[in-house]
Amino acid sequence: METPEGKKMSSKSADGVWLGCAFLFVKSVCPKVNLPALYKDPQKKYDLFKVVKLTLSDTAGGLQGYEILKLHDADPLLGIELKFMNKATCRQFLESYATAAVSQAFTQHTLRIFSVSEDFTVETQLKAGENVLDLYLTNQDLCLSYIHSLQPVRLRDDEVSQLEKQLLNLTIGDRDSSNSFPSLVSRPEAPAVPGNCFTFQKKLFVDRQLTPADHQRFATNIGRDWKQVGRALQKTCRALKGPTIDNLAFEYEREGIYEQAYQLLSRFIQAEGRNAKLGRLVKALEETKLVGIAEIMLEIQPRE
């Protein structure tokens, strides 16, 4: 592959630095928002680039160890061509991607920077060559090997270079006394949590209605703590107030703990309807110090 100027980059680093490339594809689920169209709009191009930079800063551990080579119009997908120059940075990005933190961060920053509807969210795909890395996220070393096998063959796109300079010029006045570049995410521009999101352990998650899979996962993992969670939920759910929780325990005593927990969440979902959301359940789990169960509900893989 050649640069627009026809210059090719070497596939190997002269100083032995770990290198690799990946393509992040982002698609708006909201039909009113077309990401490639935003990038083509001269007045919105910079703001969308800022969304990309903020997302990468959030999920790759800062501004070092990677580079944006080019943004591609793959309508309706926005393609982001990335070069990694640090294996640890690439690994951290993969960990963030595996927990859906990348799509959540992109959604959050788009909601903050653009005036889009609160139901805005995105779908993502990560590729290295022909390999769709979404299929191998449980095998991080394999993903790293695929990324490493795709060596950078282009210089940074001129348009991306100009956007980087523009971003630098707008933030250079905020350098601190150590002359280090300030974190892009340290200065929120609007309310921190959009209406369709919630936070857990300082990370943002897109909120949604509880699904049958959530229902089963909760009943399978909560154990004897289901009553505690019920009492946390009853603070905002009338159907669980009074003797309801004790009645459920008595009524389904023979069936066991799984069924008691299952029926608790059934009552919550039936009573609250569309408002029976994942964020409310996670908040109740946090209140009862059941962080491990909250991580299971959010499908966060524990770090080894």
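These are my notes on strand S3, one of its lysines, and the cysteines I looked up.

**Entry 1: the model.** I am working with a predicted model, so I keep that in mind throughout.

**Entry 2: finding S3.** I started with strand S3, which spans residues 77–84. I checked how covered the strand is, and 7 of its 8 residues turn out to be buried.

**Entry 3: the neighbours of S3.** Which way does strand S1 run against S3? I found that S1, residues 20–28, pairs with S3 in the antiparallel sense, over 8 bridges. In S1's pairing with S3, I noted Lys27 standing opposite Leu77. Next I turned to strand S2, residues 66–74, and found 8 bridges joining S2 to S3, again antiparallel. Here Lys70 stands opposite Glu81 of S3. I also followed the chain from S2 into S3: a hairpin of 2 residues makes the link.

**Entry 4: Lys83.** Is Lys83 buried or exposed? I looked it up in S3, and Lys83 counts as buried because its relative accessibility is 12%, under the 20% cut-off. I then took the distance from Lys83 to Ile68: the two are 15 residues apart in sequence, and their C-alpha atoms are 6.4 Å apart in space.

**Entry 5: cysteines.** How many disulfides does the whole structure hold? My search returned 0. I still looked at two cysteines. Cys30 has 6% relative accessibility, so Cys30 counts as buried. Cys237 is buried too, with a relative accessible area of 0%.

Technical notes: Residues numbered from 1 in each chain as written. Predicted model: local features only at pLDDT ≥ 70, side-chain atom pairs only at ≥ 80, totals over all residues. Heavy atoms only, no water. Helix = DSSP H or I, 4+ residues; strand = E, 2+ residues; numbered from the N terminus. Buried < 20%, exposed > 50% of the residue type's maximum accessible area, 1.4 Å probe, protein only. Disulfide = S-S within 2.5 Å. Pairing = 2+ DSSP bridges.
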